[in-house]
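Welcome! Take a moment to turn the model around on your screen, and then we can walk through it together.

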Amino acid sequence: MTKQFALTAAIRKSKNINGFWFGRQCVLLAGLLIALCTIYILAPGLDSGVPSHRHQKRDVGHNKRANAFLSTGDPKPPQPPIVWGKDTVESLQKTLDKLLADEKAVVETIIKNSKTPQDATFNNTIKVYAEHEQNAGLLSPGLDQYEAISPDKGLRNASSQASTPLDESWENTRQNKDLFDRVDFLYQRQKDKPDPELSAEDCLYLEKFWRSFADNGLHLSDEGLKQFKEYSKNISDLETEFGDTVNAINTTLYFSKDELEGVPQATLDGLKNGTGENEGKFVLSFAGPDYGPVIVHTKNDTVRRLLAYTNDQTAPSNVEVIEKLIKLRDERARLLNYSSFAEREVRDEMAKTPDAVVKLLESVKKPMLEKLPKELQHLKDRKKNETGNAEHFYIWDNGYYSTEIWEQEYKLDADYLKEWFPADYMFPQLLKMYEEIYALKFLAITGKDLDDISPTKNGSDLFWAPDVTLYSVWDDADDTKGDFIGYFYVDLYYREGKSPGAFMLPIVAGWEKEDGSRNYPSVAICCNFKKSDSKTVKPQLIMRSEVQTILHEAGHCMHSLTSRVKYGRFHGTNTPRDWVEMPSQLMENWSYNPAVLKLFSKHWSYLSPEALEAWQKEQEDAKKDTKQPEEKFPDDLIKRLLESKNAFAAQGELGQTFLSAYDYILHNPKSKEDLAKIDPTEEWNKGWKDYNQLDGPEILDPNVPGNKEVGAGQGFKWGHGQTTFGHIFSNGYQAKYYSYTWTRINAKDVYYTKFEKDPFSREVGTKWRKIVLEPGATKDYDKLLEEFLGRPPNNQAFLKDLGVDV
């Protein structure tokens, strides 16, 4: 979900692929990983919250660009915020029509600017398109984003339906031979005889623009180009079909309360009730988030086995889609003279080659397999104590016994821990921390100031929904103090029609204008916290996974806000996959720091006398101790949290490593013949067993009653969990899923080398911002890391953090 500086079609094609967006596919994948890679889903801890919307007046120093001030005395930003409230379905259609017309017109203008390709110059070709590309981004915020965030169904539909004509318009540009001839002439001339008047960023733009044509096959023969277009259309259709099939999953099972023994009452309360012949039973849908919490708490082994098996039976038609898709991707890559699809995809990433990816994955797999037996033995001991038999440890056992260990041995019940993290308290503390680390100031714009700053003089027009908050962001670093940075939208509450999960939206990029002034960026952080009931004083409480998630998404926001580049194409998060997640994964480390946990926490009973009374009543009703706990997150809980952190680290890393390895099994075969021999279903199930060493239905005796119904007798063809792995089949991470591991290794190196001693260090944070984040996608990432670290990056901190002796 980057590139929103560019033609809207290009933006939308990447909307679901950069790790900022967690949609239906991610929910299903999370369900799978709960059973197999529980460290990522269940690791206990704390979580994030929502901002206090109270306005806080703060001195940001002299601002070089804004001499005006708002009624509160806060500086007035030099650029007005986006107007959202005037958009209608009709106005979005007009915007769409203009974007399509402008795209066609700019191509015609560039071609007319030079009679022949040899008459093309950087200024009359590349610069013209770059300016158009950036202006398109200013026109289209609503058209791009409403699909995910608007409460208005008509606006959501209009946003969604715009993708097809915009995709076609973008493809038409990239397949225009006359335009490519001019771009190719400039690119080849620059390679042969560099123009000293072009900056490094100018040259980079020229290279990337040229590459967008070459990757569309325009350097091929007419016959080759025809074949390329056919491949591309079929690939696009299959990717869409895959995603649509996953989105349409409606598998449902019904269970009695006795069958779901062990599942917390709060989880049961969230399940729907059956009707008709299923009256009196709970409805468990595999189309939402209910699967994970149920399978990790259900005591009944037979029920857990059915859940795990059923979860891997969804979207069966995608088995054939995958087989067709990997074949077409491979054939298209070979048409462009690449040895595999992976080689083409990883070319512009930090990894550069498939061999580097394979080497990375092996460097993680080996030490984690050495750690795994101890983790499995811990789990088997737990199972044996409960059942008397742990000869086999199954995939449906993993999440259940991991959760028991966390809750009963480490005493880390997630519902208990979240009592220290009221959302309305935690999020302002998080903003204060980001202010300190990144040398920024966040000023909430409220009341009359909204009217004053709105181009329509109506502050409500500045929001897509009434519960969104807008901040102006200002530089507080010593050498640039008072400079305007951009706008930060905070949209943390659930509402109908909003995309699920947590995500960051890079709404408008920043760039340098012709007169030397800047277009300032706008970004949003979006979550789906449920608002607390207005009838109770008990606030919305959040868990550790949510804290870690919001730290992650806020990390993306800081990356996008603080970037300073000439072209919006290279702004902020518009970077390779194996870099874009690094600044955000870096910030996740703060969620385990004791000082940060103290800062973020305040037991909800301390919020008011009424809150204390309500908490004590809850305790009395539950027949629990009514003595008020510590106000801040207690030291003993922090100690247990840190002790439990690596309890199942090997399982978690091996799960992620397998997903990356599976990606390369399918996308990096040695030959077409080798690809034809691959069975994606068998590779999926064999791979899980190889990496996590958990038994599945493949070892069950089909002669035992009930076993055939859960896959016994089918070998490694018993299920097809890969049919919901949207990351690599429809969401843009194909041949790049390794990026999560690559970026996590670099993030650990940065954190433990520079931030661990003082997680609030403004000096270190400012250097991080200035050296690493500001350049966006304009510099070599390894060199940026080396400059910041003072040495080449390595994986020592990553392995040490996982408990490996290095």
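How many Å apart are the mean positions of the positive and negative charges of the protein? Keep in mind as we go that this is a predicted model. The protein carries 104 positive and 124 negative charges, and their mean positions are 2 Å apart.

Now step back and look at the whole protein. You will find 35 helices and 10 strands in it. Its radius of gyration is 27 Å, and the globule rule gives 28 Å for 806 residues, so the protein is as compact as a globular protein of that length. If you follow the C-alpha trace along its principal axes, it spans about 85 × 70 × 60 Å.

Next, consider the inside and the outside. Of the 806 residues, 59% count as buried. On the outside, the protein exposes about 32,600 Å², and 48% of this area comes from carbon and sulfur atoms. The contacts tell us about the chain as well: among those with a separation of 6 or more, 78% are between residues 24 or more positions apart.

With the overall picture in place, let us visit a few single residues. Start with S114, which you can find in the loop between α4 (89-113) and α5 (122-139). Is S114 buried or exposed? S114 has a relative accessible area of 0%, so it counts as buried. Which residues does S114 touch, once its neighbours within four places in sequence are left aside? S114 is in contact with D119, A120, N124 and R182.

Two further loops are worth a stop for their backbone angles. Most residues other than glycine have a negative phi. Against that background, look at A315, which has a positive phi near 50° although it is a residue other than glycine. A315 sits in the loop between α14 (301-311) and α15 (318-335). With a relative accessible area of 6%, A315 falls under the 20% cut-off and therefore counts as buried.

The other example is K352, again a residue other than glycine with a positive phi, here near 75°. You will meet K352 in the loop between α16 (341-346) and α17 (354-387). Where A315 is buried, K352 is partly exposed, because its relative accessible area of 45% lies between the 20% and 50% cut-offs. Try finding both residues in the model and compare their surroundings for yourself.

How values were computed: Residues numbered from 1 in each chain as written. Predicted model: local features only at pLDDT ≥ 70, side-chain atom pairs only at ≥ 80, totals over all residues. Heavy atoms only, no water. Helix = DSSP H or I, 4+ residues; strand = E, 2+ residues; numbered from the N terminus. Buried < 20%, exposed > 50% of the residue type's maximum accessible area, 1.4 Å probe, protein only. Rg over C-alpha atoms; globule rule 2.2 N^0.38 Å. Contact = heavy atoms within 4.5 Å. Areas by Shrake-Rupley, 256 points an atom, 1.4 Å probe, with all protein chains shown as cover. Lys, Arg positive; Asp, Glu negative; His and termini not counted. Charge placed at Lys NZ, Arg CZ, Asp CG, Glu CD.
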